[in-house]
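Work through the exercises below with the sequence and coordinates open. Each task is followed by its solution in steps.

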Amino acid sequence: MYIRHVTVENVKSFKGRYKFALQPGVNYFVGDNNSGKSTVLEALLFAFQGPTQTKWTPETFYCRNGTGPTRVEVDIAGGVENLVKMDKFSVLKDFIFDVDGEKILRLERSSEQRRVIQGKKTKDVDVKAVCFWHPERKQFENVTGIDAKVKAIFDFEEVWADAHPSDHIDFANNKTLGRLLHASFERFVQTDLWANLTEAHQRAFGPDEAESFTAETTRLAGDLKDIIDEQYGEASYRFDFDLPDANIFMKQGSLHVDDGAGETPIGGKGTGMQRAVALGLIQLYARSSALKESHDTTPLLLMLDEPETWLHPNAQLRLGDALNKIGDKDQVFIVTHSPYLIRKFQADRHLLTVLTGKGENRCVDSSTEFGLFGEGEPTWGEINYRAFGVYSVEFHNELFGWVQRHLEAQKNNGKPASNKEIDEFLKQKGVPINKVWITTPNLRAYDVTLPVFVRNSIHHPENKENDPVSDAELRDSIEQLVSIVEIINAH
């Protein structure tokens, strides 16, 4: 299963309603700081896990200027029919409906306090309750009771940019490393080594062994009985020492690393090393053969908030490859500013969402909606332009080359489009001829458009007869070319 859509309404800086399309595999989110990228991931966790005393509270999660309730709606697709065949989710079988030929379940969590008539019962619903859309009664209903069932639909593994790596290098059974070790422990208990340990434990702690620890504690229990019988009445007492379970063993564990400077606990290493190990453990967890052999088939949703932090470029590239492999099996969400991770974006397999602006000026684009140079295939130059407002020489070259190829295709004579022809085409589209380009070595002057002037300056840095292109001119030229390319694509 995977999450098909998430809609956020009056969440943090999202005033009003915003709907995000998602897909199986890898989903990238890029954009400027405070554009709401991480908030989308938080909204998903809020929907499934609910608020606590410290997380997703009204003071920190609700939109202060929003009109109406704070609300998150999620569509689950890809195998929901199998989900409702499980006993604990069978109550949802009447809540499945069809959208564009795909079976989905739709759930919501809302801060609105309301009363819902469910069959013959009336139920009060608030933010603590997850509700599912009933396709016949056309309303959201709470039929799963407590959130425990909803939390079990997916296995969320998230790494936040501000989280300490040690949060994931933890042996507790609700942490990444602890889960890995517990899954491996399930296999270990089938081995002869475990059988030998069990036998040795029985000898050491069994009541039938004269020198066992249990025999020693029998005398202690007898002394305790004498005291309590005299003071409170007769009873018998026995100390029992069962073989510790996996959790007890895990709590005694530690991870050590030797990177050439001697072996030390991982906690003694730098943040970069710890973060690399934490990300490695999550990747290992995602594709662990031990987990595949266990009875836990809960789909994994991997959320990474700026995973490039503390990682050098080569490590980021390798991480991108690893995340793509995880995306072959599980749904992955990546919030990033890294051009190295974005290099691993594949338009035919992944989805890239760009968030720009803030508040009422926020704009949400997906790779299937922009991609100036081929549907769904935005270049890093375009991503920088749309997400961060960066006007780069590389993007200018891409835009100018697109216009040039368009004219050459129209000519259809195998000859390149000249600057004069490009100028005339741009002029017809409303771009003024308001610059002068001076050539070398004959010092001839030509009236040209700003895009041709900028292009010549980029391609002829040896020409010192013209003034350098200013940042403002590069920006204006790119804006003009973007408009022209959009016109070309529209036809």
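**Exercise 1: Overall dimensions**

The protein exposes about 26100 Å², and carbon and sulfur atoms supply 49% of that area; accessible areas come from the Shrake-Rupley method with a 1.4 Å probe, and for residues only the protein chains shown count as cover. This is a predicted model, in which local features need pLDDT of at least 70, side-chain atom pairs count only at pLDDT 80 or more, and totals for chains, interfaces and linings use all residues. Residues are numbered from 1 along each chain as its sequence is written, and side-chain values use heavy atoms, with hydrogens and water left out.

Task: compare the radius of gyration of the protein with that of a compact globule of 491 residues.

Solution.
- Step 1. The radius is taken over C-alpha atoms, and the globule rule is 2.2 Å times the number of residues to the power 0.38.
- Step 2. For 491 residues a compact globule would come out near 23 Å, whereas the protein has 31 Å.
- Step 3. Along the principal axes, the C-alpha atoms fill a box of roughly 115 × 70 × 40 Å.
- Step 4. Buried residues make up 45% of the 491, where buried means under 20% relative accessible area, exposed over 50%, and partly exposed in between (1.4 Å probe, protein chains only).
- Step 5. Of the contacts between residues at least 6 apart in sequence, 61% join residues at least 24 apart; contact means heavy atoms within 4.5 Å.

**Exercise 2: A helix pair**

Task: describe how α14 and α17 pack, and classify the residues of their contact.

Solution.
- Step 1. The protein has 17 helices and 19 strands, which are DSSP runs numbered from the N terminus (helices H or I, at least four residues; strands E, at least two).
- Step 2. Helix α14 (residues 393-411) packs on helix α17 (residues 471-490) at an angle of about 35 degrees, with the axes 9 Å apart. Axes are lines fitted to C-alpha atoms, for helices over the stretch in contact, and angles run from 0 to 180 degrees between N-to-C directions.
- Step 3. The crossing is left-handed, meaning that the near helix is turned anticlockwise from the far one by less than a right angle.
- Step 4. From α14 the contact includes Phe395, Leu399 and Trp402, and from α17 it includes Leu474, Leu481 and Ile488.
- Step 5. The contact residues divide into 13 nonpolar, four polar and no charged. Ala, Val, Leu, Ile, Met, Phe, Trp, Tyr, Cys and Pro count as nonpolar, Asp, Glu, Lys and Arg as charged, and the others, Gly among them, as polar.

**Exercise 3: Backbone geometry in loops**

Task: state the phi values of asparagine 34 and tryptophan 56, and decide whether each residue is buried or exposed.

Solution.
- Step 1. Asparagine 34, in the loop between β3 (26-31) and α1 (37-49), has a positive phi of about 65 degrees although it is not a glycine.
- Step 2. Because its relative accessible area is 64%, asparagine 34 is exposed.
- Step 3. Tryptophan 56 sits in the loop between α1 and α2 (58-61), and its phi is near 55 degrees.
- Step 4. Tryptophan 56 has a relative accessible area of 7%, so this residue is buried.

Task: which kind of peptide bond joins threonine 440 and proline 441?

Solution.
- Step 1. Proline 441 is in the loop between β18 (433-438) and β19 (445-449).
- Step 2. Omega is about 5 degrees, and the bond is cis.
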